[in-house]
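Reader: I'd like a close look at one part of this model, the place where a couple of aromatic rings meet, and then a walk outwards from there. Keep it informal, but give me the cut-offs.

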Amino acid sequence: MITRWLDTIDSTNSEALRHLEELPSGTVLAACEQTAGRGQRGNTWFTEPGKNLTFSIVLKQVGLKAADGIRLNALTSVAVASFLERYGAHPVIKWPNDIYVGGRKICGMLIENSLDGIMLGSSVIGIGINLNQREFPQLANATSLVLCTGKEEPLEEALNVFLDIFEGLLPSLGSESLWESYASHLFRLGETARYHDLLVDEEFTGVIEGVEEDGRLRVRDAAGKRRYYRFKEVSYIL
Ligand code: BTN
């Protein structure tokens, strides 16, 4: 992988998308500061300049069908979880791809794919990991690695550690074991808790059992019925 550090940019995802054609697969754009970091659902991703990891990985033709694109989210989630574990934190994956430690969000990802027929063409995997930021004035539910471990980590070194883990996991992109490692990190796995089924607008009590090969979340409700959800079809009641 080839990493390019940028001092200031609006968003590493936007920059990668602007130059997608000329950027080779495996390029990583990392920013010291993002002025318009983008989050999911059109949200803004705010972080203090110079304190956190904000970067995008460009991958091309990974050999996945477009319908299996969710595997990239799973692989990236497992890579972030392994990275945080390397520093002694205990992360969980809040399905589908938010990473939490101690009930607070430490990492978010925004993966933007383009299609090539029925296959995935290019993917821009944007990742924000809170590393050395100690205060989150506007975000009640955020945390960082330093708040978990008490130790600051140099950004460049931490990014290299992450990229090594990510690259090491890439061969498992098409494998069954990917879902096993993903499911083993799931927030609330095996616990009884409340959910909101957005398909029928109903709250229910259930237990997350795991994920299907196609990435759907499998929840067993109190009546013993299995319910399967795609992204945005269910939400956690916290
Ligand atoms: C989320 O809403 O949880 C997703 C946040 C994704 C943030 C990262 S930071 C690097 C990359 N560039 C962006 O503009 N967004 C992603």
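To start with F83 and F162: are these two residues buried or exposed?

Author: Both F83 and F162 are buried; that word stands for under 20% relative accessible area, with exposed being over 50% and partly exposed in between, using a 1.4 Å probe and protein chains only. Keep in mind that this is a predicted model, in which local features need pLDDT of at least 70 and side-chain atom pairs count only at pLDDT 80 or more, while totals for chains, interfaces and linings use all residues. Numbering runs from 1 along each chain as its sequence is written, and side-chain values use heavy atoms, with hydrogens and water left out.

Now the rings. Searching the whole structure turns up nine aromatic pairs. In one of them, F83 meets Y87 edge-to-face, at 5.0 Å centre to centre and with 65° between the planes. F83 counts as buried because its relative accessibility is 0%, whereas Y87 is partly exposed because its relative accessible area is 21%. F83 also pairs with F162, again edge-to-face, with 5.9 Å between the centres and 80° between the planes. That second pair links distant parts of the chain, since F83 sits in helix α2 and F162 in helix α4 (residues 155-169), 79 residues apart. The rules here: Phe, Tyr and Trp rings (for Trp, the six-membered ring) pair if their centres lie within 6.5 Å, and planes under 30 degrees apart are stacked, over 60 edge-to-face, the rest tilted. Helices are DSSP runs of H or I with at least four residues, strands are runs of E with at least two, and both are numbered from the N terminus. Put the rings together and F55, F83, Y87, F162 and F166 make up one aromatic cluster.

Next, the surroundings. The largest nonpolar core has 53 residues, and F55, I57, L84, I127, I129 and F162 touch the most other members. Helix α2 (residues 70-86) gives the most to this core, eight residues in total. A core in this sense is a set of buried Ala, Val, Leu, Ile, Met, Phe, Trp, Tyr and Cys residues joined through side-chain atoms within 4.5 Å. In soluble globular proteins, nonpolar side chains tend to be buried together. I129 is a good place to see who sits where: leaving out residues up to four places away in sequence, I129 touches N52, L53, F55, V80, F83, L84, I106, C107 and F162. A contact means heavy atoms within 4.5 Å. Apart from the largest core lies another one, of nine residues, including I9, L20, L23 and V124.

Behind the helices there's a sheet. Seven strands make an open sheet with mixed pairing, in the order β1-β2-β3-β7-β6-β5-β4. Its edge strands, each pairing on one side only, are β1 (2-9) and β4 (91-94). Two strands pair if DSSP finds at least two bridges between them. Ignoring direction, neighbouring strands of this sheet are turned by 20° against each other on average. Helix α2 packs on the sheet, touching β3 (53-60), β4, β5, β6 and β7 (119-129), and its direction makes about 150° with that of β6. Helix α4 packs there too, touching β1, β2 (27-34), β3 and β7, with its direction at about 35° to that of β3. Those axes are lines fitted to C-alpha atoms, for helices over the stretch in contact, and angles run from 0 to 180 degrees between N-to-C directions. Within the sheet, β5 (residues 98-101) and β6 (residues 104-116) pair antiparallel over three bridges, and I99 stands opposite C107 in β6.

Finally, a second sheet. Five strands form an open sheet with antiparallel pairing, ordered β11-β10-β9-β8-β12. The edges are β11 (226-229) and β12 (234-236), each pairing on one side only. Here neighbouring strands are turned by 50° against each other on average, direction ignored. Six bridges connect β8 (residues 192-197) and β9 (residues 202-211), running antiparallel. The hairpin of β9 and β10 has five residues between the strands, with G215 in the turn at a positive phi of about 90°. R218 stands opposite G210, and its bridge partner in β11 is Y228.
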